[in-house]
Amino acid sequence: MAQRVTIRKRTPYNTTSNRRRVVKTPGGKLVYHHIKKLATSPKCGDCGIALPGVPALRPRQYATISKTKKTVRRAYGGSRCGDCVKQRILRAFLVEEAKIVKKVIKSQQK
């Protein structure tokens with residue numbers, strides 16, 4: 001007959017936060033190890049891809065690591081990916097160019 005295993009936490013329900021695995025200890029006993037939820041990496045706010053250079057952690061663990069590990073040394077570092085930042089810079093430049101062209105055309109018409 002199989003050995004009985006008792007739950008170590010108070011919640012008996014089979015929820016995502018209460019996943020467990022049966023592990024045999026060096027003493028030969030079977031015990032439950034509670035498994036933590038998998039971490040997902042932060043995503044780019046514009047295109048939605050995982051941000052390279054930023055580790056995938058659970059939300060509370062970001063408070064314990066240093067700021068240099070949470071961001072990338074660039075404008076919009078831990079928030080947008082490099083391609084989206086490039087697009088934003090290009091868009092801003094083109095908008096400014098369009099304003100200048102509009103101004104020149106307006107001054108030539110007078």
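This is a short tour of a predicted model, going from the whole chain down to two loop residues.

**Stop 1: the whole chain**

Start with everything selected and the C-alpha trace on display. Along the principal axes, the C-alpha atoms fill a box of roughly 95 × 25 × 20 Å. The radius of gyration is 26 Å, where a compact globule of 110 residues would have one near 13 Å.

Now colour by secondary structure. You should find two strands and two helices, and walking along the sequence gives you the order β-β-α-α.

**Stop 2: surface and contacts**

Switch on the surface next. The chain has about 9500 Å² of accessible surface, and carbon and sulfur atoms hold 57% of that area. How much of the chain counts as buried? Of its 110 residues, 12% do.

If you have a contact map to hand, look at pairs with a separation of 6 or more: 28% of those contacts join residues that are 24 or more positions apart.

**Stop 3: the charges**

Select the charged side chains and colour them by sign. There are 28 positive charges and 4 negative ones in the chain. Place a marker at the mean position of each set, and the two markers will sit 25 Å apart.

**Stop 4: R80**

Let's zoom in on the loop that runs between α1 (67-70) and α2 (82-109), and pick R80 there. Is R80 buried or exposed? R80 counts as buried because its relative accessibility is 18%, and the cut-off for buried is under 20%.

Show the side chains around R80 and you can trace two polar contacts. One goes from the side chain of R80 to the side chain of S79, at 2.7 Å. Another pairs the side chain of R80 with that of D46, at 3.1 Å.

Then widen the selection around R80. Setting aside neighbours within four places in sequence, R80 is in contact with C44, G45, D46, L51, R74, V85 and R88. D46 is thus worth keeping on screen, as it appears in this list and as a polar partner of R80.

**Stop 5: Y76**

For the last stop, stay between α1 and α2 and select Y76, which lies in that loop. What is the phi of Y76? Its value is near 60 degrees, which is positive, in a residue that is not glycine. Residues other than glycine mostly have a negative phi.

Finally, look at how open Y76 is. With a relative accessible area of 45%, Y76 is partly exposed, whereas R80, your previous stop, counts as buried.

Key. Residues numbered from 1 in each chain as written. Predicted model: local features only at pLDDT ≥ 70, side-chain atom pairs only at ≥ 80, totals over all residues. Heavy atoms only, no water. Helix = DSSP H or I, 4+ residues; strand = E, 2+ residues; numbered from the N terminus. Rg over C-alpha atoms; globule rule 2.2 N^0.38 Å. Buried < 20%, exposed > 50% of the residue type's maximum accessible area, 1.4 Å probe, protein only. Contact = heavy atoms within 4.5 Å. Areas by Shrake-Rupley, 256 points an atom, 1.4 Å probe, with all protein chains shown as cover. Lys, Arg positive; Asp, Glu negative; His and termini not counted. Charge placed at Lys NZ, Arg CZ, Asp CG, Glu CD. Polar contact = N/O pair within 3.5 Å; in protein donor to acceptor, adjacent residues only side chain to side chain.
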